[in-house]
Amino acid sequence: MTGLPLLIRVLRDPHAVRALDGAGWDLLLRQADAANLDAYLLVLLEDAGLLDTVPAAPRAHLEWTRVGAAGHAQAARYEVRQIGRALEGLGLPLILLKGAAYAMAGLDAGRGRLFSDIDILVPKARLPEVEAALMMHGWITTHHDAYDQRYYRQWMHELPPMQHARRGNSIDVHHAILPETAPVRPDPDKLRAAARPIAGEPQLATLSPADMVLHSAVHLFFDGEFDKGLRDLVDLHRLLGQFGAEPGFWDALPARARELELGRPLFYALRYCPRLLGTVVPPAVQAAVVSDGPNPALLWLMDRLFGRALLPLHASCDDVLSSPARFALYVRGNWLRMPPLLLAQHLFHKAFITKHNESQAA
Amino acid sequence: MLTVGSLSRAELTARLSGDGLVLRTGPFTNRIRSDVSPLIDGLALMYADYPVEPAGGFVDFHLELQRSGGLRRWHRSQVHFTYDGTTPFQPLPLGQAYPMLEWTMNWCVSHRAHGYLIIHAAVLEKHGRAIILPAPPGSGKSTLTAALLGHGWRLLSDELTLVHLGDGVLVPLPRPVSLKNASIDIIRAFRPDAVLSRPVEETTKGTIAHLKAPQDSIARALEPAKPACIVFPRWEAGAAIALDPLPKARAFMQVADNCFNYQVLGARGFTALGALIDASDTYTFRYSSLPDAMALFERLAQGPA
């Protein structure tokens, strides 16, 4: 595995840091910073009992990260409580998604995992009430362009992001996990029906373990932006590691994926987690998802694209094909969001009309 | 010890355009890469006495400030800042490259170095007593700092007061003092010996020139200081000099308002700031004449009689 970037080698085996000199630590921390995994690296080294072997200068950086991450976690918990208060009267469980869910539910995946936005899932029919309640408590929409508003409200799976007027934190209110215009439509009613309350947090809930994995997989493998690709793959690795130990989890996962039309992203998750991070997946589960994969020619191509885009977004990890690979996946991500004609109209609007309006305003 | 001043211009340029110049400022190392000549001019003049570390080891901050490519290379050329491949700021006109280096070096510290409570304040020391001057804009903090440096005060910092979270000492980060607009001529008149960088006009802060930090302050960069006073200065034309005690609770809130990372640090920030306020006499200070201010600060340096 010497061909892998240093950060990934350390994520696979933290004891690899024992061999690092000053230049090695420099590279490791830069890759971790670029991948938004510096706080996770700290958790990993601490759990492995390696923190005291770290030389003083990189150790200081890790301690700065600890302080920053603790402040971040405290602010995020406060923000979740405020959202809970804003939505208190609506009689809805507050279903948290992604980073906020991992942190509030105390999952492994939440330790050292920073997140800038808080994502929640509500029924589509209740969106107007939820939006009004958030506005009453100080969150305001961030996209004022009429076209952007229509883009979100008509086609997307979420409201335009809302930002708190005073605290500046953002919230994404989802009613589904994929856009209305995407070719597959995981049924949000099924996701909400399987949601689980968080122990000790009366109002808060997360998706079920299988659905959390599937949402993380679809978020990573159907999206066009890979700037946090490795971070998202680490999320999957940690979710699979923790839930995989629970009875029944692995057996149910492939069937649940098919039920939600998410067999393909699960296939990719179970391919690249073991390949890059050494995640242990039972052979029977690997066999069960083979039929959800692409044809061999496409798989060959996807290996080359994801094999690059899932590395840290750092100059030291790039080769000549890294930029084309990211661009190809960007196009693919948009393709998976909208049918071709609508996508063409959307890109035309963003390229010419939005730009024109902005330059008129400026 | 290798210093910037001991490198020839050709060597300095070669390092900056190659793997980078590793510049030590206080507790931090900065790897700087640049091909912009106004930046190299400013750096060569202002940082001549600073240590240069060998390349290829661990470095705290990786800064790159490069000239625009394409048509912009020739027409209205700009300087682009990247932090290890990311671009946190818009480019600026090429002539502002050296002030931009100073701002981006400040940004690296204030956004990352959370081992310190970081106050937007100048801090100087004399006779073992450090005085912190927090900086609401227009307070004349840098002018006062530049003047005091000609009167035997040691510069810990002009912009970033670093309070160590572990033991509460003030950790020096002596770097050039940023002077704006009228202050530049005031200091030229008050301190004819001062070494100033070439003034840069039309920045977002007006005209900017930097004053070189005293050689002795740079040499003592690893020697921390103990806080003695926190003084909120205010320059007012024609005002009589006045040093008034500021209640500690108000001082606490006003210093917190001037911190970069008070929120980030949470309870640790509260504890560190509380200890700093407890250890310091807190004042507001109004003045119109620099010589009067020098005399008063000398009394503060002597400590309680």
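Which residue stands opposite A:Thr206 in β7(A)? In this predicted model, that place goes to A:Arg196. The pair belongs to a set of three bridges that tie strand β6 (residues 196-198) of chain A to β7(A), with the two strands running antiparallel. The turn from β6(A) to β7(A) is a hairpin with two residues between the strands, and here A:Gly200 takes a positive phi near 80°. A:Thr206 also has a partner in another strand: A:Leu96 is bridged to A:Thr206. That link is part of the pairing of strand β1 (residues 94-97) of chain A with β7(A), again through three bridges, but here the strands run parallel. So much for the strand's partners; what about A:Glu201, buried or exposed? This glutamate sits in strand β7 (residues 201-206) of chain A. With a relative accessible area of 14%, A:Glu201 falls under the 20% cut-off and therefore counts as buried. Leaving aside neighbours within four places in sequence, A:Glu201 is in contact with A:Arg77, A:Arg81 and A:Met104.

Elsewhere in chain A, a histidine in a loop is worth a look. A:His175 lies between β5 (170-174) and α8 (188-193) of chain A. Loop residue or not, A:His175 counts as buried because its relative accessibility is 5%. Its side chain reaches the backbone oxygen of A:Met156 at 3.4 Å. The list of residues that A:His175 touches, not counting those up to four places away in sequence, takes in A:Leu121, A:Val122, A:Pro123, A:Lys124 and A:Leu127, then A:Met156, A:His157 and A:Glu158, and finally A:Glu180 and A:Pro188.

Chain A also offers a helix pair. Helix α11 (residues 249-259) of chain A packs on helix α12 (residues 263-277) of chain A at an angle of about 140°, and the two axes are 8 Å apart. That angle makes α11(A) oblique to α12(A). On the α11(A) side, the contact is made by A:Trp250, A:Leu253, A:Pro254 and A:Ala257, while α12(A) supplies A:Gly263, A:Leu266 and A:Leu270. By class, the residues of this contact split into six nonpolar, one polar and no charged.

Turning to chain B, there is a helix pair to set out as well. Helix α2 (residues 37-46) of chain B and α3(B) pack at an angle of about 65°, with 7 Å between their axes. From α2(B) come B:Pro38, B:Leu39, B:Gly42, B:Leu43 and B:Met46, and from α3(B) come B:Ala97, B:Tyr98 and B:Leu101. The tally for this contact is seven nonpolar, one polar and no charged.

Helix α3 (residues 97-112) of chain B has a second role in the layout, as it lies across β13 and β14 of chain B at about 70° to β14(B). Those strands are part of an open, antiparallel sheet of three strands in chain B, ordered β12-β14-β13. At the edges are β12 (177-180) and β13 (200-203) of chain B, each pairing on one side only. From one strand to the next, the twist averages 40°. Four bridges hold β12(B) to strand β14 (residues 206-211) of chain B, the two running antiparallel, and B:Leu179 stands opposite B:Ala209 of β14(B). Another helix, α4 (residues 141-149) of chain B, lies across β12 and β14 of chain B and runs at about 125° to β12(B).

Which residues does B:Thr25 touch beyond its neighbours within four places in sequence? The contacts are B:Asn30, B:Tyr47, B:Tyr50, B:Met105, B:Leu173 and B:Arg175. With B:Asn30, the B:Thr25 side chain makes a polar contact, side chain to side chain, at 2.9 Å. B:Thr25 belongs to strand β1 (residues 21-25) of chain B, and a relative accessibility of 2% is why B:Thr25 counts as buried. The C-alpha atoms of B:Thr25 and B:Pro51 are separated by 7.9 Å, though the two are 26 residues apart along the chain.

Two loop residues of chain B round things off with their backbone angles. B:Asp84, in the loop between β5 (78-83) and β6 (92-93) of chain B, has a phi near 45°, which is positive in a residue other than glycine. B:His127, also not a glycine, has a positive phi of about 50°. B:His127 is found in the loop between β7 (116-126) and β8 (129-134) of chain B, and with a relative accessible area of 51% B:His127 is exposed.

Conventions. Residues numbered from 1 in each chain as written. Chains lettered and ligands numbered in written order. Heavy atoms only, no water. Pairing = 2+ DSSP bridges. Axes fitted to C-alpha atoms, helices over the stretch in contact; angles between N-to-C directions. Contact = heavy atoms within 4.5 Å. Buried < 20%, exposed > 50% of the residue type's maximum accessible area, 1.4 Å probe, protein only. Polar contact = N/O pair within 3.5 Å; in protein donor to acceptor, adjacent residues only side chain to side chain. Parallel < 35°, antiparallel > 145°, perpendicular 65-115°, else oblique. Nonpolar A, V, L, I, M, F, W, Y, C, P; charged D, E, K, R; others polar.
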